[in-house]
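Trainee: I would like to go through this model and ask what the terms rest on.
Mentor: Go ahead.

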Amino acid sequence: MPISIVIGSQWGDEGKGKVVDLLSQEQFDIVARYQGGANAGHTIVWENDDGTEDEFVLHLVPSGIFHEGVTCVIGNGVVLDPKAVLDEIEKIQQLGFDVEDRLKISHNAHLIMPYHKAIEEAREKERASNTDDDEIGTTGRGIGPAYTDKFARTGIRVVDLLDRDVLRRKLTRAIEAKNQVLKNVYGAEGLDVDRIIDEYVQFDQQIDPYVTDTSEYLNNALDDGRRILAEGAQGSLLDVDFGSYPYVTSSHPTAGGCCTGLGVPPTAVNRVIGIAKAYCTRVGNGPFPTELHNEAGEQLRKVGAEFGATTGRPRRCGWLDLVALRYTCMVNGFNELTVTKLDVLSGFDELKVCVAYRYDGKEAQRFPSEAQTLERVEPVYETLPGWDEDITDVRHFADLPVEAQDYLAFIAEELGVEISMISNGPRRTQIITDMDRTPA
Ligand code: IMP
């Protein structure tokens, strides 16, 4: 049975968590996260029987965990903060969900350690104080330094947590080396070796029940005909190769990351679902051609509650960028798109959509991912009529205001990709899957 992938098509925060939660309820047996770490914040909102609402922000555990029949996998491509994942597991268990039998963590995933966060903080401070440089605006979760160690072949992996002697040896060496860097390169405080070791050796028994060879598990599941949904974190425009480097994350949210991050063959993937917000947001620094520094931007931030789910930072807001979306459609090969937060656009007289960029005196359709060029492009907009109606209770495409239907039709036509689902509110029920344009 083939694999489907859910991928953010912009700069993250597209609403992937809600889509994965919904899809996994009906269509999948396994949800497998393939990259990133606790920098992600996947928000799930549900309505209780008494009409009250609950919300949970998942950082590491895949977004299928709230459905009892679904097994969740944290793949080898994820960088795992053991403390963060154990805290998250505890909170999910407190809500009454079984996690122990339903969560599997790759023995090969690399660990995030306190020194990764300390080095990231020191690096960001240094960049901020350097006039030729700019901090990335990272989430402070140690992601970049952990992937650096992975590729430098000095990382510590989940499997190492299970052997106290090995862990003690590797950690001692690593902390001593990182303390040299912290003190001598950044002039920062070193970390207490014994305190970290005492804390981390305790994790072996807690993490042990979850650890397995997840690549083997997933490939066996494929042989058994089980349905797998691969869950990406962040967004394609933050990909370390395809995003606006260096203002990117240190992993591959794009489709290719699924195969290396889970150990599954590309021939097993047959559906790639792009998630696109009906407008654009970005957190952290880096070029953002359609960013709005005006009332419209404020309205998007306010109505869309655009504040980071992990860091609480206000998100930068702007109009939908089809040049960027065409590029991420190309890189990922989306077969379909889910458009989220369409309800946030209610109340605008008109909506702008960026259809081309102007740079070097010419109009171009190409997305220049290199930050230097992207910084100076000027968006070319098409203006479409807006709508006033509150659409949060609409459940069929045909019941949307005609302007909203036209807005979506314009996006689909420009991108040449079908829109298969629309999200029009944070709750699970606020979703449109009946895409028939003819009224019933
Ligand atoms: P890092 O992933 O913490 O290293 O941060 C690198 C860049 O990616 C920063 O601009 C972050 O704001 C951004 N970023 C990381 N994770 C997310 C996410 O889940 N949503 C949106 N932006 C993210």
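Trainee: Which residues does L218 touch, not counting residues up to four places away in sequence?
Mentor: L218 touches I30, A32, V73, I228, L262 and V264. Contact means heavy atoms within 4.5 Å. This is a predicted model, where local features need pLDDT of at least 70, side-chain atom pairs count only at pLDDT 80 or more, and totals for chains, interfaces and linings use all residues. Residues are numbered from 1 along each chain as its sequence is written, and side-chain values use heavy atoms, leaving out hydrogens and water.

Trainee: What makes a set of residues a nonpolar core?
Mentor: The members are buried Ala, Val, Leu, Ile, Met, Phe, Trp, Tyr and Cys residues joined through side-chain atoms within 4.5 Å. Buried means under 20% relative accessible area (1.4 Å probe, protein chains only). The largest such core here has 60 residues, and L218 is among those that touch the most other members. Helix α14 (residues 402-415) gives this core its largest share, seven residues; a helix is a DSSP run of H or I, at least four residues, numbered from the N terminus.

Trainee: Why is the pair between N39 and the ligand called a polar contact?
Mentor: A polar side-chain atom of N39 lies 2.8 Å from an oxygen atom of the ligand. A polar contact is a pair of N or O atoms within 3.5 Å, so the pair qualifies.

Trainee: What about D13 and the ligand?
Mentor: An N or O atom in the D13 side chain is 3.0 Å from a nitrogen atom of the ligand, so this pair also meets the limit.

Technical notes. Buried means under 20% relative accessible area, exposed over 50%, partly exposed in between (1.4 Å probe, protein chains only). Helices (H or I, at least four residues) and strands (E, at least two) are DSSP runs, numbered from the N terminus. A polar contact is a pair of N or O atoms within 3.5 Å; within protein, one must be able to donate a hydrogen and the other to accept it, and residues adjacent in sequence count only if both atoms are side-chain atoms.
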